[in-house]
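Thank you all for coming. I would like to walk you through one structure, and I ask you to keep it in view while I speak.

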Amino acid sequence: MIKYMTVIMGAAIGMSGAVMAEDDPLEFDGYISVATDHRDRGVSLSGSDPALTGSLTVSKGSFFAGAFGAWAKDLNGRETQTEFFAGYILPLGGWDLTLSGELDSFHGNGSSSFYPEVKASLSRDYGLAYVSGGLSWSMNGRWNNPYNDSTYTWLDVDVPIPSLPEYTIIGHIGHDFIDGNSNVTDWSIGMSAFIKDFEVSASYVDTTYKDSRGKGAFLASLKFYF
């Protein structure tokens, strides 16, 4: 655990040192969201109950770092989720390559668990659609499959509706290769709408996860950006 996080934080510090030499100013952005359910790769973290989440990111040039928090209930009854992350965005001929490290953690019920993860993703805005996909590796497992290495691949596609750019069709598919356990596929399809600093979205989410928390459901959320 310590070895992996040393590598992640060392890479983040190295990237930040390179970026701090730039003249770009520090920028802050974030959001607060309320949703009918809080799901991670299609699996409910809040027992299919409403959840409150929030995130804050600071960026300077191509470097970014931040934190995410949520009220969430994992399989062990812990109800607080936090996540710290840092990364670097590298332009590649019209594409953006994002390299990042994360430390996901769950607290409560007298215990805490930590799950480090490293990610690499590619994204591009084609105008008619925004496409992103990538690969992540959780070397210490994840909250729903602890101690089983997880390699996750995903593809997201956002398609603005012609003549109504504030409305967007959102689609996602992902597959989790889990060492020593059954692999899991998740997918979702829905729509979002922006009204000034607010985003309203509704979607259907489903997964092959063999537990009631992975059962397909319609979800809705309201997110305020600042």
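Strand 6 and strand 7 form a hairpin with 2 residues between them, and in its turn Gly93 has a positive phi of about 55°. When I say strand, I mean a DSSP run of E with at least two residues, helices being H or I runs of at least four residues, and both are numbered from the N terminus. Before going further, I should say that this is a predicted model, in which local features need pLDDT of at least 70 and side-chain atom pairs count only at pLDDT 80 or more, while totals for chains, interfaces and linings use all residues. Residues are numbered from 1 along each chain as its sequence is written, and side-chain values use heavy atoms, with hydrogens and water left out.

Returning to that hairpin, strand 6 covers residues 80–92 and strand 7 covers residues 95–108, and they pair in the antiparallel sense over 13 bridges, where pairing requires that DSSP finds at least two bridges between two strands. As one example of these bridges, Glu83 has Asp104 in strand 7 as its partner.

Strand 7 also pairs with strand 8, residues 111–125, in the antiparallel sense and over 13 bridges. This pair too is a hairpin with 2 residues between the strands, and Asn109 in the turn has a positive phi of about 60°. Gly108 has Ser111 in strand 8 as its bridge partner.

Let me stay with strand 8, which is where Ser113 is placed. Is Ser113 buried or exposed? Ser113 is buried, because its relative accessible area is 16%, and buried here means under 20%, exposed means over 50% and partly exposed lies in between, with a 1.4 Å probe and protein chains only. Leaving aside residues up to four places away in sequence, Ser113 touches Arg78, Asp104, Ser105 and Phe106, a contact being heavy atoms within 4.5 Å. With Arg78 there is also a polar contact between the two side chains, at 2.3 Å. A polar contact is a pair of N or O atoms within 3.5 Å, of which, within protein, one must be able to donate a hydrogen and the other to accept it, and residues adjacent in sequence count only if both atoms are side-chain atoms.

Now to the charged residues: how many salt bridges does the structure hold? The structure holds 6 salt bridges, each defined as a side-chain nitrogen of Lys or Arg within 4 Å of a carboxyl oxygen of Asp or Glu. In one of them Lys119 meets Glu102, with the closest N and O atoms 3.1 Å apart. Lys119 lies in strand 8 and Glu102 in strand 7, so this pair ties together parts that are 17 residues apart in sequence. Lys119 counts as partly exposed at 25% relative accessibility, whereas Glu102 is buried, with a relative accessible area of 12%.

Another salt bridge joins Glu117 and Arg142, whose closest N and O atoms are 3.9 Å apart. Here distant parts of the chain are linked, since Glu117 is in strand 8 and Arg142 is in strand 10 (residues 141–142), 25 residues apart. Glu117 counts as buried at 5% relative accessibility, and Arg142 is buried with a relative accessible area of 9%. Salt bridges that share partners join Asp40, Arg41, Glu117, Arg142 and Asp176 into one network.

Further along the chain, strand 13 (residues 164–178) and strand 14 (residues 184–195) pair in the antiparallel sense over 10 bridges. They form a hairpin with 5 residues between them, and Gly180 in the turn has a positive phi of about 80°. Strand 14 pairs in turn with strand 15, again in the antiparallel sense and over 10 bridges, and in their hairpin, which has 2 residues between the strands, Lys196 takes a positive phi near 60°. Within this pair, Ser188 has Val205 in strand 15 as its bridge partner. Strand 15 also holds Ser203, which is buried with a relative accessible area of 16%.

That brings me to my last point, the surface. Leu222, which lies in strand 16, is partly exposed, with a relative accessible area of 36%.
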